[in-house]
Amino acid sequence: MEKREYRDDYPDKTLYIPGPTEVREDVIEEMAQPMFGHRMDRMTDLYTTVVEDTKTFLGTDNEVIVLTASGTEFMESAVLNLVDEDVLVTTCGSFSERQANVAERLGKNVDTLEYDWGRAVKPEDVRERLETSDTDYDAVTCVMNESSTGVRNPIEEIGDVVSEYPDTYFAVDAVSALGGDYVDIDAHGIDVIFTSVQKAFAMPPGLAVCVVSDDAYERELEKASASWYGGFQRSLDYYDRKGQTHSTPAIPVMLAYRKQMKHMLEEGHDARDRRHREMAEYTRDWAAEHFDMFPEAGYESQTVSCIENTQGIDVAATIEQVSGEYDMVFSNGYGSDLGETTFRIGHMGEHDVESIRALTDAIEDVAGL
């Protein structure tokens, strides 16, 4: 690839993609503070604030790790920390299939419970597999919000099923949902759940958040090998001793995170969930009027709508024209089979129904709907 020089004259675009999403101006400004050392008392104040505020917002008594990484780090470390040999990966789209690929590359024995793209994982199927399989799985994994297809999997009910198997741990990829779709983590036996802050947390990219149960922590202690950078023990023990991260963090993004988490606490988890639900309902109604929804009915995402292109519009051209004329960016379908047959609208973070309506009005105008 040849060098393409970065310029200083790019127009600002309002983001309606499945992440990154829009960020408040005062949150961005937090990143311009003077630098300080990551082993200073100031860092302890900052990191303990963001960790404890995250626990409060999510309503969890479990441990929280905030690490400089993308959520993919915890996708990998959850497998390394929980799985000795066998893992059951539920797949229904690109990102759940990626979980299976990650586990395979880590040398684990991977069984999959597969669904067609657009279909949701069913708790009764998980129960049947756990009951009938000759394999005693170390862990079951699931993607809460399959943003490639717009499916919201019922992780609460799946977690209840896995909880009946005390030697099997439950790990959830909530990268494109947590913070915009309420889940009671502690009540449903979720041992590990992780996200990236550039999605529904409405933050600049750069941090991953992971909630870890006591059982998952103890599981890692029993293992002969585990993740180093994303190790639960390494991260949580260092926090207990020092109130800091074990490795140098992205301090400017941590400062932005502190500011944004205060906004999220002020809004409240229930209210934030309700706002995202209202945006999702509006988008589904709009899609029903002009197109159709791609995901299985009753399992639609609360943060990303995947819309079936029943009118055969030129998706790529429409995206380009909406971007050029309205400075708004939405997304095509994800994966070779869905690129032109679907398109996606991210309604997460700091958006509301009015801002989503501005986008759908622009799509209607450009596509002649």
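Glu 52 comes first. At 34% relative accessibility, Glu 52 counts as partly exposed. Keep in mind that this is a predicted model. Which residue does Glu 52 pair with in a salt bridge? The partner is Lys 55, and the closest N and O atoms are 3.5 Å apart. Lys 55 sits at 14% relative accessibility, so Lys 55 counts as buried. Both residues belong to helix α2, 3 residues apart, which means about one helical turn lies between them.

Stay with helix α2 for a moment. Helix α2 covers residues 41–58 and packs on a sheet. The strands α2 touches there are β2 and β10, the latter at 207–212. The direction of α2 makes about 130 degrees with that of β2.

Now the sheet itself. How many strands form this open sheet? There are 7, in the order β2-β10-β9-β8-β5-β3-β4. The pairing is mixed. As a reminder, strands of a sheet pair through backbone hydrogen bonds, either parallel or antiparallel. At the edges stand β2, residues 63–68, and β4, residues 109–114. Each has a single partner strand, so one side of each is left without a neighbour in the sheet. On average, neighbouring strands are turned by 20 degrees against each other, direction ignored.

One pair from the interior of that order: β8 and β9. Strand β8 spans residues 169–173, and strand β9 spans residues 192–196. Do these two run parallel or antiparallel? They run parallel, joined by 3 bridges. Ala 171 has Val 192 in β9 as its bridge partner.

Back to charges. Side chains of opposite charge can pair when their charged atoms come close. The model has 22 salt bridges in total. I'll take two more pairs and one network.

Next pair: Lys 223 with Asp 84. Their closest N and O atoms are 3.0 Å apart. Where do these two residues sit along the chain? Lys 223 lies in the loop between α7 (214–222) and α8 (232–242). Asp 84 lies in the loop between α3 (72–82) and β3 (86–91). They are 139 residues apart, and the pair links distant parts of the chain. Lys 223 has a relative accessible area of 11%, so Lys 223 is buried. Asp 84 is at 41% relative accessibility and counts as partly exposed.

Now Glu 222 and Arg 219. This salt bridge has its closest N and O atoms 3.9 Å apart. The two residues are 3 residues apart in helix α7, so about one helical turn separates them. Are the two ends buried or exposed? Glu 222 is exposed, with a relative accessible area of 60%. Arg 219 counts as buried, at 9% relative accessibility.

Then the network. Which residues does it link? Arg 24, Glu 267, Arg 272, Arg 275 and Glu 350 are joined through salt bridges.

Last item: another open sheet. Here 4 strands line up as β11-β12-β15-β14. The pairing is antiparallel. Which strands are at the edges? They are β11, residues 292–293, and β14, residues 331–332, and each pairs on one side only. For β14, the partner is β15, residues 342–346, with 2 bridges in the antiparallel sense. Within β15, Phe 343 stands opposite Asn 332.

To recap the sheets: one has 7 strands with mixed pairing, and one has 4 strands with antiparallel pairing. For the charges, the count is 22 salt bridges.

Notes:
Residues numbered from 1 in each chain as written. Predicted model: local features only at pLDDT ≥ 70, side-chain atom pairs only at ≥ 80, totals over all residues. Heavy atoms only, no water. Pairing = 2+ DSSP bridges. Axes fitted to C-alpha atoms, helices over the stretch in contact; angles between N-to-C directions. Contact = heavy atoms within 4.5 Å. Salt bridge = Lys/Arg side-chain N within 4 Å of Asp/Glu carboxyl O. Buried < 20%, exposed > 50% of the residue type's maximum accessible area, 1.4 Å probe, protein only.
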